[in-house]
Amino acid sequence: MPNPNNVAVVAEQFHGSLQQITLELIGAARFLSEKLGTGVSCFLLGHEISKLAEGLIHHGADEVIVVDDPQLKEYATLTYRRAVISILEHLGTSPPIVLMGSTTIGRDLAPRIAAYLETGLTADCTEFDIGDYEHKGKADPSKTGTFKNILYAIRPSFGESLKARIIGPWKNPQMATARIGVMQALPLDALRKGAVQRVSVNFNQEDLRVKVLKTVRDISVSVNLTGAKVIVSGGYGLGGPDGFEVVKDLASVFKHSVVGASRRAVDSGWMGDSHQVGQTGKTVRPDIYIALGISGAIQHRVGMANSKLIIAVNKDADAPIFKFAHYGIVGDLYQAAPLLKNALIKMAREKSLR
Ligand code: FAD
C-alpha cells in the first residue's frame, strides 16, 4: 500500500517521454520530504506509460502510482482530473503536499484538482520550503493556531519585486505548481529501487465529455531553451526581424546554442514565441546568456537571472540589464556583436571552449 504521508508529484509525460519538469519536481519533493521525514510518491498518468515508472524512481521517487488507461492517451482536463482524484481516494488519507509543473498541462489541471478538493493552490513557485506558522487572525477563530511543518510555497510577487511566502496550512493536500527550469533535478541513479503500484479508474460520462480527435504538433518552431547551455537573445533594440541574423551569427560560435528573444521582439513578430525568455516565456539557467538590445525589464530578468554568466550589450549605459549582468558592453550591438564574436572565437581557440 502506498504511503499517503509522502510528498506527491504529479508526473508529466508527453507521448511516452518524461518531461524535465517532473524530474525537477522530484528534486524539490525530495528536499521537502527529507525535512518532513517521509518519502516521495509520483502519480504517473497516461496510456502505455508504465515503463516510465522506473525512470521516476531512478530520479528520486520512492513510490510510483500508475494509472495506465486508454482514456488517458491524450491529455484532457476532465479525464486527468478524475485519474488524480482516484489516486488520492485510493490513498485514503490526503498527502501533505502535491506538486505539479507550471506547464500548459499543470496550469490547467492543478486548479481543477484544487477546486475539486476545496484546497489551496499556489501557482508558479520558484522555491519550496517547510516551516511553522502561528495564525493569530481574529476574523475566523476556527483558523487560529500553530501549524508545524507546513509547505512554504515561495514565488515572486508585486511585479516580481518581492518574494512572497504563501501558505495554506488548514487543509491537505497543500498544492503548488513550480516554474520550469527553476528546481534542481537529482542525478540519475540507475540502482535506485522503489515501489510501483497500479490504480484503476472508473471514468463516468461527465469525465468523457471532451474527446481529443487529433493532436497536431508544430515541431518546426519548438526550441529547447530550458535545457540550453548557451543562449544568445535579441530584443527590441535589434530594430527589426533581420537583426536576429546578428543574434544567430553570434550564437553560431557555440556548438549547442539556442536563440532567445524578449517579449517585445516576439510581440513584434520578429521571432516565434517558443523563443521567448521571461515571466510569460521560458525560465532558463544556461551557462552563458548573451542579451543583445534587451533593456532587462523585470519580466525578462526573472526568466534568466539564474544564468551562470550574463553578458549584455546595450547602447544605453543606464539600461537595467547592466545592474545584474556580469559583463556589460555599452554600445551599438551591430558594432559590438561582431567584435564579441571574434573575441569569443579567439578565446575558444585558446581555451578549447568549442
Ligand atoms: P525594450 O525595453 O524596448 O529595450 C530595448 C533595448 O535595446 C533598450 O534598452 C535600448 O537601449 C536598447 N537598444 C536599442 N537600440 C540598440 C542598439 N542599436 N544597440 C544596443 N542596444 C540597443 N518581457 C520579456 O522579455 N519576457 C517576458 O516573459 C515578459 N512577460 C511579461 C509579462 C507581463 C505581465 C508584462 C506586463 C510584461 C512582460 N514582458 C516580458 C515585457 C517587459 O515588460 C518588457 O516590455 C520587455 O522585456 C522589453 O523588451 P526589450 O528589452 O526587447 O525592449
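What follows is a short conversation about cores and helix pairs in a predicted model.

Biologist: Happy to have you here! Why are α5 and α8 called roughly parallel?

Modeller: Helix α5 (residues 243-251) and helix α8 (residues 333-351) pack at an angle of about 15°, with 9 Å between their axes. Angles under 35 degrees count as roughly parallel, so the pair is described that way. Their crossing is left-handed.

Biologist: Nice. Which residues in α5 meet which in α8?

Modeller: On the α5 side they are Val246, Asp249 and Leu250, and on the α8 side Leu333, Tyr334, Ala337, Leu340 and Lys341. By class, this contact has 6 nonpolar, no polar and 2 charged residues.

Biologist: And what makes α3 oblique to α4?

Modeller: Helix α3 (residues 77-91) and helix α4 (residues 104-117) cross at roughly 55°, and their axes come within 10 Å. Oblique is the class left for angles outside the ranges under 35, 65 to 115 and over 145 degrees, and α3 is therefore oblique to α4. The crossing of α3 with α4 is right-handed.

Biologist: How do you know that α3 and α4 touch, that is, which residues meet?

Modeller: Thr77, Tyr80, Arg81, Val84 and Ile85 in α3 meet Asp108, Leu109, Arg112, Ile113 and Tyr116 in α4. These divide into 6 nonpolar, 1 polar and 3 charged.

Biologist: Lovely. Now the cores: which residues have the most contacts inside the largest one?

Modeller: Val9, Cys42, Phe43, Leu44, Leu56 and Leu99, in a nonpolar core of 57 residues. Helix α1 (residues 20-36) gives the most to this core, with 7 residues.

How values were computed:
Residues numbered from 1 in each chain as written. Predicted model: local features only at pLDDT ≥ 70, side-chain atom pairs only at ≥ 80, totals over all residues. Core = buried A, V, L, I, M, F, W, Y, C linked by C-beta atoms within 7 Å. Buried ≥ 20, exposed ≤ 12 C-beta atoms within 10 Å, placed from the backbone. Helix = DSSP H or I, 4+ residues; strand = E, 2+ residues; numbered from the N terminus. Axes fitted to C-alpha atoms, helices over the stretch in contact; angles between N-to-C directions. Left-handed = near helix turned anticlockwise from the far one by under 90°. Contact = placed C-beta atoms within 7 Å. Nonpolar A, V, L, I, M, F, W, Y, C, P; charged D, E, K, R; others polar.
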